[in-house]
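This report describes the structure shown below. It starts with the overall fold and then turns to the core, the charged pairs and a few individual residues.

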Amino acid sequence: MNSYLLFKSLHLIAVISWMVGLLYLPRIFVYHVENIKDKNTSLIFKTMERKLYFYIMTPAMILTWLFGLILISSLGFEVLSTTWIKLKLLLVILLTLYHFYLSKLLSDFKIDRNTKSSKFFRIINEVPTILLILIVFIVIFKPI
């Protein structure tokens with residue numbers, strides 16, 4: 001079996017899993033904000049948010065980075081001098097920062113200190129979609 005294709009497949013599976021969480025967690029935040037006064041419902045959302053973040057999103061992010069770095073290594077580190085990989089890495093770093101920002105928001109909900117509206121969460125829910133679209137086009141077309 002070709003190890004490059006194996007790691008590429010594992011990288012894509014991890015990316016898909018990570019993206020699902022990045023898209024779904026802010027959506028849960030929307031529903032959480034809209035039901036914040038119902039303590040039982042709020043508790044259910046807190047559990048869902050925590051499990052999604054720590055059991056799915058964070059391991060998927062780590063695996064995305066791990067398999068991505070393995071792919072770079074297998075291509076040769078000179079690939080880091082290409083524009084397309086620099087752009088991709090920049091956008092993946094932005095996704096990672098977004099991931100950690102969601103952790104901060106998760107912490108706010110955990111201690112009942114969320115100050116954001118459901119509209120805010122609907123808007124930031126578009127961030128990973130935009131970054132994903134850009135990353136896919138950069139990887140497929142490899143500009144410059």
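## Nonpolar core

The model is predicted. Its largest nonpolar core has 32 residues, and those with the most contacts inside it are Leu 22, Phe 29, Leu 102 and Phe 121. Two or more residues of this core come from each of helix 1 (3-34), helix 2 (39-75), helix 3 (83-110), helix 4 (118-124) and helix 5 (127-141). The largest share, ten residues, is given by helix 3.

Phe 29 shows how such a position is surrounded. Apart from neighbours within four places in sequence, Phe 29 is in contact with Glu 49, Leu 102, Leu 105, Leu 106, Phe 109 and Phe 121. Leu 102 and Phe 121 also appear among the core residues with the most contacts.

## Overall fold

The chain has five helices and zero strands, so read from the N terminus its elements run α-α-α-α-α. The C-alpha trace spans about 55 × 30 × 20 Å along its principal axes. Of the contacts between residues at least 6 apart in sequence, 79% join residues at least 24 apart.

Buried residues account for 37% of the 144 residues in the chain. The accessible surface comes to about 8800 Å², and carbon and sulfur atoms hold 71% of this area. The chain carries 16 positive and 7 negative charges, and the mean positions of the two sets are 3 Å apart.

## Salt bridges

Side chains of opposite charge can pair when their charged atoms come close. How many salt bridges does a search of the whole structure find? The search finds three.

In one of them, the side chains of Arg 122 and Glu 34 meet at 2.5 Å, N to O. Arg 122 lies in helix 4 and Glu 34 in helix 1, so this pair ties together parts that are 88 residues apart in sequence. Arg 122 is partly exposed, at 35% relative accessible area, and Glu 34 is partly exposed as well, at 42%. Another salt bridge joins Lys 46 and Asp 112, with the closest N and O atoms 2.7 Å apart. Because Lys 46 belongs to helix 2 and Asp 112 to the loop between helix 3 and helix 4, the pair links parts 66 residues apart in sequence. Lys 46 has a relative accessible area of 19%, and it counts as buried because the cut-off is under 20%.

The salt bridge between Asp 108 and Lys 104 has its closest N and O atoms 2.6 Å apart. Both residues lie in helix 3, four residues apart, which is about one turn of the helix. Asp 108 is buried, at 16% relative accessible area, whereas Lys 104 is partly exposed, at 45%.

## A buried charge without a salt bridge

Glu 49 lies in helix 2. What is the nearest side chain of opposite charge to Glu 49, and how far away is it? That side chain is Lys 46, 7.7 Å away, and Glu 49 is buried yet has no salt bridge. A salt bridge needs the nitrogen within 4 Å of a carboxyl oxygen, so a separation of 7.7 Å does not qualify. Lys 46 itself forms a salt bridge with Asp 112.

Not counting residues up to four places away in sequence, Glu 49 touches Leu 25, Ile 28, Phe 29, His 32, Leu 106 and Phe 109. One of these, Phe 29, is among the core residues with the most contacts.

## His 32

Is His 32, a residue of helix 1, buried or exposed? His 32 is buried, with a relative accessibility of 0%. Beyond the residues up to four places away in sequence, His 32 touches Ser 42, Phe 45, Lys 46, Glu 49 and Phe 109. These contacts include Lys 46, which has a salt bridge to Asp 112, and Glu 49, which has none. Along the chain, His 32 and Glu 49 are 17 residues apart, and their C-alpha atoms are separated by 9.4 Å.

## Leu 89

Leu 89 is found in helix 3 and is partly exposed, at 22% relative accessibility. Leaving out residues up to four places away in sequence, Leu 89 touches Trp 65, Ile 72 and Leu 80. Leu 89 and Ile 140 are 51 residues apart in sequence, and their C-alpha atoms lie 14 Å apart in space.

How values were computed: Residues numbered from 1 in each chain as written. Predicted model: local features only at pLDDT ≥ 70, side-chain atom pairs only at ≥ 80, totals over all residues. Heavy atoms only, no water. Buried < 20%, exposed > 50% of the residue type's maximum accessible area, 1.4 Å probe, protein only. Contact = heavy atoms within 4.5 Å. Areas by Shrake-Rupley, 256 points an atom, 1.4 Å probe, with all protein chains shown as cover. Lys, Arg positive; Asp, Glu negative; His and termini not counted. Charge placed at Lys NZ, Arg CZ, Asp CG, Glu CD. Core = buried A, V, L, I, M, F, W, Y, C linked by side-chain atoms within 4.5 Å.
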